[in-house]
Amino acid sequence: MTDSEVPLPLLSRYAIMVDVGYIYASAGELLFSASSRREYRVDADKLIQGLIKHADEQVRGELLRVYWYDAARDRVPTFDQRVIAQMPLVKLRLGNLNARGQQKGVDAQIRADVEALARHRAITDAMLVAGDEDMVPAVEAAQAFGVRVHLWGVEPPYGTNQAERLVWESDTVDVLERAFIEPYFAPQLGADAAQAGQVPGSAAARSEASGSGPGLQAGSGVTAPSPAQLFGDRHSFRSHGKVGAAAQSGAMHGSAAHLAAARLGPSRERVEEAGEHVAQKWILTRGEDNIRDLLPGPILPPVIDKELLVDAEKELGLSLRSYQEAREWLRDAFWARVHRQFGVGVGKSKG
């Protein structure tokens, strides 16, 4: 190669490795406050295509394949899992689903695949969609062979849904936001009715128990309950029956008031209390020397700023990601507590 020649940039070859239990549970909690897969439907085909497109935007290179790690009773795939297994460039990996609905063996499969791909130089990058700390050995194994691990997580409704150490060990961290996840999930309104009409031990019952079975089919002879019966007061639906004009108007007014309150976000007093509480915990657990390293402020290092946000969201029980002003109140309250502790002046987080 002469001095005038410029080497071509190296292209990445990557795999997308999805812990299905994590992404489904996190999305269900974010979108529907659901604790079971039976409460929602997933368009897995389109979700996988969405993940592939997202990876293509993040990494310049070639996709090796998508690894889809799920679980089933006795590792016998459900109908939906069989469909996924037939998709091009998708490898279905099944762990066992025990009687309590817990998946077993998935973590070990992820680690084995990552380590084998890295050892044989089959990939340069791995996109890992997961949240459990049990994934850390898989990350470390890949990195030992020179593979970069990019951790993807579903946006949490508040706080965090990924283990702190897993976030630390990964090379990069990305958030799959609500707007990305939402098109692939829908509430499963007939799931409870379908389950009630199943015979224990039947194929349909086993499919539902695995969390991957199809929804209630038309013509099944099972009458689906109304949304009000199914969800009680957990969700608010517009009635499709005959209701009085006054009741309907009152419901609409209440809904509008609720939405307006949600847009306004948390009160300043609550946010400032959370900020001071988190600061107090920092001072007690990190020690004065570490806190003094942050002075004079008001800018926090990005890692610490994120930790402050996560801790405050856990305490408040809601997300502050959409409320820029509330995040500024939070930082100002943090610094106000530090100021009182050490007698130093600090500026404001904005302006």
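**Entry 1: glutamate 133**

I started with glutamate 133 and found it in the loop between S6 and helix H5, the helix that spans 136–144. I note here that the model is a predicted one.

Is glutamate 133 buried or exposed? I read a relative accessible area of 42% for glutamate 133. Buried would need a value under 20% and exposed one over 50%, so this residue is entered as partly exposed.

Next I looked for partners of glutamate 133 beyond four places in sequence, and I listed Ala163 and Arg165. I then took the C-alpha separation of glutamate 133 and arginine 165, which is 6.6 Å. Along the chain these two residues are 32 residues apart.

**Entry 2: aspartate 311**

I looked up another acidic residue, aspartate 311, and placed it in helix H13, which runs over residues 302–316. Its relative accessibility is 16%; the cut-off for buried is under 20%, so I entered aspartate 311 as buried.

Which residues does aspartate 311 touch, not counting those up to four places away in sequence? I wrote down Val278, Lys281 and Trp282.

**Entry 3: nonpolar cores**

I turned to the largest nonpolar core, which holds 38 residues. The members that touch the most other members are Ile16, Val18, Ile23, Tyr24, Trp68 and Phe185. I then checked which elements give two or more residues to this core. The strands are S1 (12–19), S3 (61–72), S4 (90–97), S6 (125–129) and S7 (148–154). The helices are H1 (20–32), H2 (44–58) and H7 (178–181). H1 gives the largest share, eight residues.

I picked valine 18 for a closer look and set aside its neighbours within four places in sequence. Valine 18 is in contact with Ile23, Leu51, Val66, Tyr67, Trp68, Tyr69 and Val129.

I also found a second core, separate from the one above, with 25 residues. Among them are Ile110, Val114, Val136 and Leu166. As a general remark, nonpolar side chains tend to be buried together in soluble globular proteins.

**Entry 4: whole protein**

I closed with the totals. The secondary structure comes to 14 helices and nine strands. Of the 351 residues, 41% count as buried. I looked up contacts with a separation of 6 or more, and 70% of them are between residues 24 or more positions apart. The accessible surface is about 19,700 Å². Carbon and sulfur atoms account for 52% of that surface.

Notes: Residues numbered from 1 in each chain as written. Predicted model: local features only at pLDDT ≥ 70, side-chain atom pairs only at ≥ 80, totals over all residues. Heavy atoms only, no water. Core = buried A, V, L, I, M, F, W, Y, C linked by side-chain atoms within 4.5 Å. Buried < 20%, exposed > 50% of the residue type's maximum accessible area, 1.4 Å probe, protein only. Helix = DSSP H or I, 4+ residues; strand = E, 2+ residues; numbered from the N terminus. Contact = heavy atoms within 4.5 Å. Areas by Shrake-Rupley, 256 points an atom, 1.4 Å probe, with all protein chains shown as cover.
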